[in-house]
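Colleague: I am new to reading protein models. Could you walk me through this one, feature by feature?

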Amino acid sequence: MQNDTMQGLKRTHYCGALRAEHIGQEVTLCGFVQKNRDKGSIVFVDLRDRSGISQLIFDDATPPELLKKAASVRAEFVLMVKGKVRERASKNPDIPTGDVELFVEDLRILSRAQTPPFEITQGETKVGEELRLKYRYLDLRRGEMQKNLMLRHKIVKATRDFYDRNGFLEVETPILIKSTPEGARDYLVPSRVHPGSFYALPQSPQLFKQLLMLSGYDRYMQIAKCFRDEDLRADRQPEFTQIDLEMSFVDEDDVMAINEAFIADLFEKVLDIKLETPFPRLPYDQAMSRFGSDKPDIRFGLELNDLSGVLTGCSFKVFAGVLGEGGSVRGINVKGGADRLSRKEIDKLTEVVKTYKGGGLAFLRWTDQGQSSSYEKFLTEDEVGAVRAAMQAEEGDVLLIVADKNSDVVFNALGALRLELAAKLDLIEPGSFAPLWVVDFPLFEYDEEDDRYVAKHHPFTAPKPEDAHRLESDPAGVRARAYDMVLNGSEIGGGSIRINDPVLQQRMFTALGMDEATQQERFGFLLGAFEYGVPPHGGLAFGLDRLVMLMAGKSSIRDVIAFPKVQNAGDLMIESPSPVDQKSLDELHIGVNKK
């Protein structure tokens, strides 16, 4: 059956715009059919567009042919309708248009639709994500997804407006760049005109924004596409978007002040939520010792207690052995948790600890019926008392303790356990936001697999001036002029003051294991540019996808990206990546090993 055309009609209103003040007006709407209710002599059709839903009505005043046509429409048909707005006899308080309906005088079926593989709901859906991503164009019709993407649009617009008001210039940087292996794997693009050579897709605009500072542009920002070939999870994608910026003649305080002002402005304009500034600042060492994470969620307590001092040389061989090897023993006191954490539930928490390479979870559960413990029988009475005192334990509490010769394992396990407990015990107020800065990071971290020090952030981060002399002699003791903004347990932005001294930059490269030839091969253009005068500069990049996810109250960035990839970096809808024909490979001088 041939579809109708729009000829002679123009949309006058969006479906979600109709209100009581439109009663009596003639309007034209366009959209998708949400549902059709055929009552015989009356047909109701819910018409949907991105703004909302309007009810269409065809009744005993409708010509028979038009009534029959209305009865034939199905879910997801595309319609254009013209008619008069009138008051609904039975109002619907659940939707903004619930006081009115449109009595249709002209119905155009512009496109018919097959029955979709899942219902296009306006709220939450129970449909599996794999099916939704295969038919993403249908999933994007859902009201929840449209709300997420409209929120993203508002955030991007508010971002550009804020930085424009504060003197930043938006400058686009290249997508096809030089591969400079350091950190995550690059996505490589073969060059047809330079056989055997490759471009890389940028992991960030880092080098270019520093060159813009050298070029005198002073304040730069960009909504930038970035690419990293790394293992994926709920808050990572192979291609992602950054709010990227850089500033000249600044120190840490300057960069942090402008960017917490941005976040405060964003939350107020987009969510009508007022965040108090300045944000708290927490040194890295304190973040790890108190929360077991360099991106702590500070909306609840459950802070870590260091038991290493009270247990050194104790009679329990597990604890004593760990401490004898330079490890640590730390624990969490779940105040009043005995009524809510059974022994069986504590066993489940042990599995969380093991996920993070912890050997096990020692516990004490103290109820009015007495105490059960996995470790106290191995300790003396004085040692038991010292542990309880250190953790401020009392009746009703549950103590959870992790020990390991590697302190990072203890921190990671208890940091994860802390989040698990907060979710299980409903310790987080819904809709609450708690931003903070984590500062004074180590400049380096040790990579056991490569048996060398690597940059904690990136190799252009400046060391603290008072620590710079240790670059060669004590790299582990050097602190960075770096800062991360953390929100609700997620890092939403990170940055640093950059190195602007070519000699210091070369020392940094050397500390990372690069000889002079490698430095010139990878970064010769940057070192050369540094010879022509470089202002002190620093910057920051926000993860736009993660920021939108948190502001939308979602748990996965795939919910706020129009066309995301799945965990294996594939696109289920367009079935990419995919093989290419031999001719294309030959033009690029590439052979494929199919093993």
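Colleague: How many cavities of 30 Å³ or more does the count come to?

Modeller: Glad to help! Keep in mind that this is a predicted model. Here is the general idea: rolling a probe the size of a water molecule over the atoms shows where empty space is left. In this case the count comes to 1 cavity of 30 Å³ or more. Its volume is about 40 Å³.

Colleague: Which residues line the largest cavity?

Modeller: The lining is made by Leu133, Arg136, Phe563, Pro564, Val566, Gly570, Asp571, Leu572 and Met573. Sorted by character, they give 6 nonpolar, 1 polar and 2 charged residues.

Colleague: And pockets? How much space lies in the second largest pocket?

Modeller: The second largest pocket holds about 660 Å³ of space. It is lined by 18 residues, and the closest to its centre are Tyr187, Leu188, Val189, Leu201 and Pro577. Strand S7 (residues 188-190) supplies the largest share of this lining, with 3 residues. By character, the lining splits into 14 nonpolar, 2 polar and 2 charged residues.

Colleague: Pro577 caught my eye. What is the peptide bond from Ser576 to Pro577, cis or trans?

Modeller: That bond is cis, with omega near 0°. You will find Pro577 in the loop between helix H15 (544-552) and helix H16 (582-587). Another cis peptide bond joins Thr277 and Pro278, with omega about 0°. Pro278 sits in the loop between helix H6 (252-271) and strand S11 (281-283).

Colleague: Let's try a helix. Which residues of helix H11 are buried?

Modeller: In H11 (residues 381-390), the buried residues are Glu383, Val384 and Val387. Looking down the axis of H11, you see these buried residues within an arc of 105°, so they line one face of the helix. The face turned away from that side carries the exposed residues Glu381, Asp382 and Ala389. As for partners, the buried residues of H11 pack against helix H8 (308-311) and strand S16 (398-404). After H11 comes Gln392, with a positive phi near 50°.

Colleague: Where else is phi positive in a residue other than glycine?

Modeller: Asp440 is one example, with phi near 60°. Asp440 belongs to the loop between S17 and strand S18 (444-447). Asn488 is another, with phi near 55°, and its loop runs between S20 and strand S21 (490-497).

Colleague: How do I decide whether Asn488 is buried or exposed?

Modeller: Compare its relative accessible area with the cut-off: under 20% is buried. Asn488 has 13% relative accessibility, so Asn488 counts as buried. Asp440, at 23%, is partly exposed. Now try Arg330, which lies in strand S13: its relative accessible area is 12%, so Arg330 is buried. Among the residues that Arg330 touches are Asn305, Asp306, Leu400 and Phe411.

Colleague: Which residues have the most contacts inside the largest nonpolar core?

Modeller: That core has 44 residues, and those with the most contacts inside it are Val334, Leu341, Leu361, Leu400, Leu417, Leu421 and Met508. Several elements give two or more residues to the core, including strand S13 (328-334), helix H10 (343-355) and helix H13 (502-511). Helix H12 gives the most, with 7 residues. Take Val334 as a case: leaving aside neighbours within four places in sequence, its contacts include Leu302, Leu341, Leu400 and Leu421. Apart from this core lies another, of 41 residues, among them Ile258, Ile263, Phe267 and Leu275.

Terms used
Residues numbered from 1 in each chain as written. Predicted model: local features only at pLDDT ≥ 70, side-chain atom pairs only at ≥ 80, totals over all residues. Heavy atoms only, no water. Buried < 20%, exposed > 50% of the residue type's maximum accessible area, 1.4 Å probe, protein only. Helix = DSSP H or I, 4+ residues; strand = E, 2+ residues; numbered from the N terminus. Arc of directions from axis to C-beta. Contact = heavy atoms within 4.5 Å. 1 Å grid on protein atoms, 1.4 Å probe; cavity = no way out; pocket = protein on both sides within 12 Å on 5 of 7 lines; lining within 4 Å. Points joined across faces, edges and corners; volume = space filled by probe spheres on them. Nonpolar A, V, L, I, M, F, W, Y, C, P; charged D, E, K, R; others polar. Core = buried A, V, L, I, M, F, W, Y, C linked by side-chain atoms within 4.5 Å.
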